[in-house]
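Work through the exercises below with the sequence and the model at hand. Each task is followed by a stepwise solution.

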Amino acid sequence: MSGPATLEAALASGLSSEEFRQIGALLGRPPNPTELGMFSAMWSEHCSYKSSRRHLARFPTESPRVIEGPGENAGAVDIGHGLAAVFKVESHNHPTFIEPFQGAATGVGGILRDIFTMGARPVALMNSLRFGPLSVPKNRALFTGAVAGIANYGNSMGIPTVGGEVFFEDCYSLNPLVNAFALGIAPADRIFRARAEAPGSPVWCVGSKTGRDGIHGASMASAAFDEEAEAKRPTVQVGDPFLEKLLMEACLELMQGDALIAVQDMGAAGLTCSTSEVASRGGAGVEIDLDRVAQRETGMNAYEIMLSESQERMLLVVRSGREAEVTRIFDKWDLDAAPIGSVSGDGLLRVRHQGQVAAEVPCRALTDDAPAFDRPAARPSWWPSPEVTPADLPEPTDWNAVVRGLAGSPELASRRFVYEQYDHMVRSDTVVRPGGDAGVVRIKGKELGIAMTLDGNGRYTARDPRRGGALAVAEACRNLAAVGATPVGATNCLNFGNPERPEIMWEFTEAIAGMTEALQALGVPITGGNVSFYNETEGANIFPTPVVGVVGVLEDSTRRIPQHFAAAGDLLFLAGPEGGDALGASAFLKERHGRTDGRPPKPDLDAEVRLGAFLRAPGAAGLAASARDLSEGGLAAAAVESLFAPDGSAIGAELQVECAGRLEGPLFGEGPARALLSVRPGDAEALAGLASREGVPLTEVGAVGGDALRIRVNGSPTVSLDLDGLADVFRNSLGRLALA
Amino acid sequence: MARFAVLVFPGTNCEGDVLHAIEAVTGQPAELVWHKEGSLDGFDAAVVPGGFAHGDYLRAGGLARFSPVMEPLIQMAESGRAVVGICNGFQILQEAGLLPGAMLRNESLSYVCRDVRLRVEANSSPLTCGLAPGATLRMPVGHAEGNFRADDDVLEALEADEQVIFRYCDDGGEASDAANPNGSRNNIAGVRNARGNVAALMPHPDRAYEEALGGVDGCRLFESLHRFTES
């Protein structure tokens, strides 16, 4: 071993002097430079969750359906028919700012490895994106680059991207967010876990060769950025979706048999993380010889090999005597696969390099013994954010211009520009395409469908983190209800600023409290997720942005509620509580008045539960001709979205609004627990019966038909926008802004 | 009874969709054939499905033509049996010299996935022999390089010989610029060889074979292929 590392080196690697002292105490000696690098990566916020672990423990994580909760590579829930849905969302924010195409692409690659590591074949992707305003050229480059990177990776892998979201705010200009979600299907009784057992079992490294790319990516993702961020480009990995496709096929083929004890993907902190985690979960140790690791470059030292984040690699723990099967399958796919060591019984991660022991560290010291902080949290003085009412706003005179402007705004315009770059039809299972409230994929040969959605609203959470957290969960569940699906599990990606600031920790704990309240009320367990702190650049923090992915089950994917208006003459109903006029932190306020202030609407979790029960009630799918949840942009936005089907067809509608005071609230208010339904006239009474049984108020608000979107207020014509013009604005504005 | 081979290169990702579509539409067995196979004996037709064969490295389809299975595939084409390509399969058949033209990147420079409408131009191919010229079909595209190019004289000959089998068109059946998703010359979406046994198209009939997927027009192409093998 080389000589001991210094405190200066520890500080430079992102560790604190207290952490350096703790490492010395755990080892009984100072670490050498390689060991210091391993601790620096494993004890980084990104790998250790040291600021968040205590708080994440508050999430509900159990239900009769949960097969695998937080802690494994991904969560797994029982979806019936002997199958499990395996899913997770993860951030790739920092790499995307440095290099948008590769940063976003490798985010997709990483989350897919988490899924097939569990023995599940990935069947769907989604992503949640945040960028600065498209008026800034750099933001357009980040946005289009990230979308192209996601498309490149997901499309090459042959996995459809069926949903997601994208929003634009100033606070993301220097700190874009890329959260990637993947879902796979596995036999419920064949979920693979990453636990090394049976000392003596060979440990293999398979897939790509190890190079010098991405060294210290985990530490990079755990620090705030300054203007030197561009200089960090070498810490961004470069993805090879072709290689990952081969790796996925080889791993899934190998997992058909029982030659494997454990599988762990190599993501952040590469070999260090995969070996120590797989060993500590199984209560074992691992001994590896770096000379046996296939390398892309010559002259790599132990530090570089242990910390490389070269993509498309996996660690396998193979049953002794079954090595030939591994070789046969990886040969078929023309992939590197080599034994690099074995499981040991002493609990140590022992690393040999060029005949020397280069590192010798207890596995648990790197993982379970990582520090866990209870960082101070303090409510900021501005809280609570004052309410915004229409009286504070100038009254519009041209309502056509207001509605047209919102329909083409970055906040509310169709995301077609984005999702048409993603292959959303490969696998021929996508039965609800992007552009609706939730994506749905079917399971071939069964009636079963899986619905999924990814939601968050940073503006809400910025102004009231507890409400924002609850509303993110509520909206996701409402989106599933809108297609008639039952939520069965959730994952989350918590994108926050610098946790060393007490007001950021307050946002974090409040958001978790709000999410927890909503998850409990709606009966949805969290099965895993990811925390991304330090989304701070040059001292400016992003809006706190919790993103929630919820997965639901449709017992019969052909019996679901459509997402677009179906036929002229159908009646329109607003389902849900009255008084949803709140404009605080709304899309209307932002896009019409350039304001992001105010207080978001108060969650109404009881009403959300009732709305969900109504839309899922037996018979609802046959009675409702369409459903749309009300969220950003309120009733008007839900109506616009319902006019334009993804196949390019369109049908008009007339909304009739009764309104005693100002019109902004009834048209654009974002009160929760509401949905816009269209119903054949002959079915209206039966649907009203279902609604009343579940305690959901229904208000008739107009009818489908005509060649325009018309809005009558108290009987008088107020808005009339012809369909062709509105279609162009709604469908094409985002692309025009992005390619300006 | 007909036997269909569905070729699988490393990076191919639509083999399952094609397999499923053939079996669902024709009721005939289809088999996946790995690209290292040296023989296609016993098959009546071969389909080269979509995806990213060999990662589309070098250029789309550029490496696939060196795979061992291409030799028997070319023999199959020379023997007059049906060889068809879909999307990446089209690009591979072009690179192998079995079909004319080449694909440039889409005019938008982006991948495009959406439904398009196709007009049947000629029924003299394994993909269209059961279809009436002038009929229109709807199905998804999904590609980044579908911008069909050929020299003027090649293009003229293709048109004169009715080797263009599908054109992108609008809902009214017009081959308009607005209906062209990638900038293809003459709105070309599919072609056949001179002999009339090798054909390919960029859109995906393998994603439009059940109502649940948003349409069934893709079935007509697989029915044609089945009919061709029986003739």
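**Exercise 1.** How many salt bridges are there between chain B and chain A?

Solution. The model is a predicted one.
- Step 1: take as a salt bridge a side-chain nitrogen of Lys or Arg within 4 Å of a carboxyl oxygen of Asp or Glu.
- Step 2: test one pair. Lys36(B) and Asp334(A) have their closest N and O atoms 3.3 Å apart, and they form a salt bridge.
- Step 3: count between the two chains. The result is five salt bridges.
- Step 4: turn to polar contacts, for which 15 residue pairs are found between chain B and chain A, both residues being at pLDDT 80 or more.

**Exercise 2.** Describe the interface of chain B and chain A by area and by residues.

Solution.
- Step 1: the buried area is about 2,300 Å², with 53% from carbon and sulfur atoms.
- Step 2: on the chain B side, the most area is lost by Tyr111(B), Cys113(B) and Leu213(B), together 23% of what that side buries.
- Step 3: chain B brings 28 residues to the contact and chain A brings 29.
- Step 4: sorted by class, the side of chain B that touches chain A has 12 nonpolar, eight polar and eight charged residues.

**Exercise 3.** At what angle do helices H21 and H25 of chain A pack?

Solution.
- Step 1: H21 spans residues 605–616 and H25 spans residues 684–694; the angle is about 145°, and the axes are 9 Å apart.
- Step 2: the crossing of H21(A) and H25(A) is right-handed.
- Step 3: H21(A) makes the contact through Arg610(A), Ala613(A) and Phe614(A), and H25(A) through Leu687(A), Leu690(A), Ala691(A) and Glu694(A).
- Step 4: by class, this contact of H21(A) with H25(A) has five nonpolar, two charged and no polar residues.

How values were computed:
Residues are numbered from 1 along each chain as its sequence is written. Chains are lettered from A and ligands numbered from 1 in the order in which they are written. This is a predicted model: local features need pLDDT of at least 70, side-chain atom pairs count only at pLDDT 80 or more; totals for chains, interfaces and linings use all residues. Side-chain values use heavy atoms; hydrogens and water are left out. Axes are lines fitted to C-alpha atoms, for helices over the stretch in contact, and angles run from 0 to 180 degrees between N-to-C directions. Helices (H or I, at least four residues) and strands (E, at least two) are DSSP runs, numbered from the N terminus. A crossing is left-handed if the near helix is turned anticlockwise from the far one by less than a right angle, and right-handed if clockwise. Contact means heavy atoms within 4.5 Å. Ala, Val, Leu, Ile, Met, Phe, Trp, Tyr, Cys and Pro count as nonpolar, Asp, Glu, Lys and Arg as charged, and the others, Gly among them, as polar. Buried area is the accessible area (1.4 Å probe) that two parts lose on being put together, summed over both. A polar contact is a pair of N or O atoms within 3.5 Å; within protein, one must be able to donate a hydrogen and the other to accept it, and residues adjacent in sequence count only if both atoms are side-chain atoms.
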